[in-house]
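Visitor: Please take one part of this predicted model and go through it closely. I would like to hear how a single helix sits against its surroundings, and what lies around it.

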Amino acid sequence: MVVLSSGRLFTSLFRLAIGVLAVLWTILPPAYVHAEDCPKTFRVGASDDYEPFSYIGADGKLTGLDLLFVQEILAEVGCAPQFVDLPFPRAVVELSAGRIDMMMFASVTAERQNFALFSAPYRNETAGLIIRARDQDKYPINEVGDLLKLNLLLAHDVGTYRGDLFETFMANPEAKKNIIQVSSSRQSLNMLVKGRINAIVEAPAAVFALAETLGVRDEIAEHPFLLWSEPVHFMFSRKTVSPEFVARIDAVLAEAVQTPEYTSQFGSMSVGSPAHAGSETN
């Protein structure tokens, strides 16, 4: 049996520890965000066509209500975000893989909880039906089943969540022929204005802002039937962000949503402000 001196034993253990750390370094995610530590590159998925929340401004850069708000919140915890322009469905995939750290305007679902952490709510979001202005008295809708009775053709952004009511509707085999999955709000708005569909299933405020930009705001209206209303959250990758970091974000949010600046920025979309059918709440 070989007996090591205390000095040689210490050296051997030290080398073993270094070896273990080296192995861990190769298999663990490259950056894990803690409450007290923010990496130089904190990647936030952002949409370029979700006005007024996240979109490309006149200067060609990403901007929007949510984007500006998240910058303010992250600044309070020492983070400077790097916004990554991604369609929402693609951003979810990137976040689940840990290739981006955070997303905005996310709903909590059981599937997403497997790979994501969620902040406290930061504003309200609704989903409704946007129709052509000339069709405002054409569609008597009081329940989701009326969409089938009227045989309406609906555009829906692929990968987006518009509440359990509409999820159940989409799962109905009879409804498959009534839904066209699109890749952007711009695409669905173009289809609506051209008469290729009857309605868009979307956040009304987002469609109205986009329509204003495209000069077609007077051509569309919101149907009074409301599909869904609930708060939305910041969503973080479990692979790169710690629960402690999210708790610190929540502490900052708790103060931010009480300020006059926040209420002025989000109006009826503010946390605690009830959404009403027929409004532009999102």
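Guide: Helix H3, residues 88–96, lies across E6, E7 and E11 and runs at about 135° to E6. Those three strands belong to an open sheet of eight strands with mixed pairing, in the order E5-E1-E6-E11-E7-E10-E8-E9. The edges are strand E5 (81–85) and strand E9 (179–182), each of which pairs on one side only. From one strand to the next, the twist averages 25°. Helix H2 (residues 65–76) also lies across E6, E7 and E11, as well as E1 and E5, and its direction is at about 130° to E6. E1, residues 42–46, pairs with E5 in the parallel sense over five bridges, and Gly-45 has Val-84 of E5 as its bridge partner.

H3 also takes part in two pockets. At least two residues of the lining of the largest pocket come from each of strand E2 (49–50), H3 and E6. That pocket holds about 350 Å³ of space. Its lining counts 25 residues, and nearest the centre are Ser-47, Phe-88, Pro-89, Asp-157 and Thr-160. The lining is made up of eleven nonpolar, six polar and eight charged residues.

The second largest pocket has a volume of about 290 Å³. It is lined by 13 residues, with Glu-111, Arg-112, Gly-159, Thr-160 and Glu-167 closest to its centre. Here H3, helix H4 (110–113) and helix H6 (164–171) each give at least two residues to the lining. By class, this lining has five nonpolar, five polar and three charged residues.

Key. Residues numbered from 1 in each chain as written. Predicted model: local features only at pLDDT ≥ 70, side-chain atom pairs only at ≥ 80, totals over all residues. Heavy atoms only, no water. Pairing = 2+ DSSP bridges. Helix = DSSP H or I, 4+ residues; strand = E, 2+ residues; numbered from the N terminus. Axes fitted to C-alpha atoms, helices over the stretch in contact; angles between N-to-C directions. Contact = heavy atoms within 4.5 Å. 1 Å grid on protein atoms, 1.4 Å probe; cavity = no way out; pocket = protein on both sides within 12 Å on 5 of 7 lines; lining within 4 Å. Points joined across faces, edges and corners; volume = space filled by probe spheres on them. Nonpolar A, V, L, I, M, F, W, Y, C, P; charged D, E, K, R; others polar.
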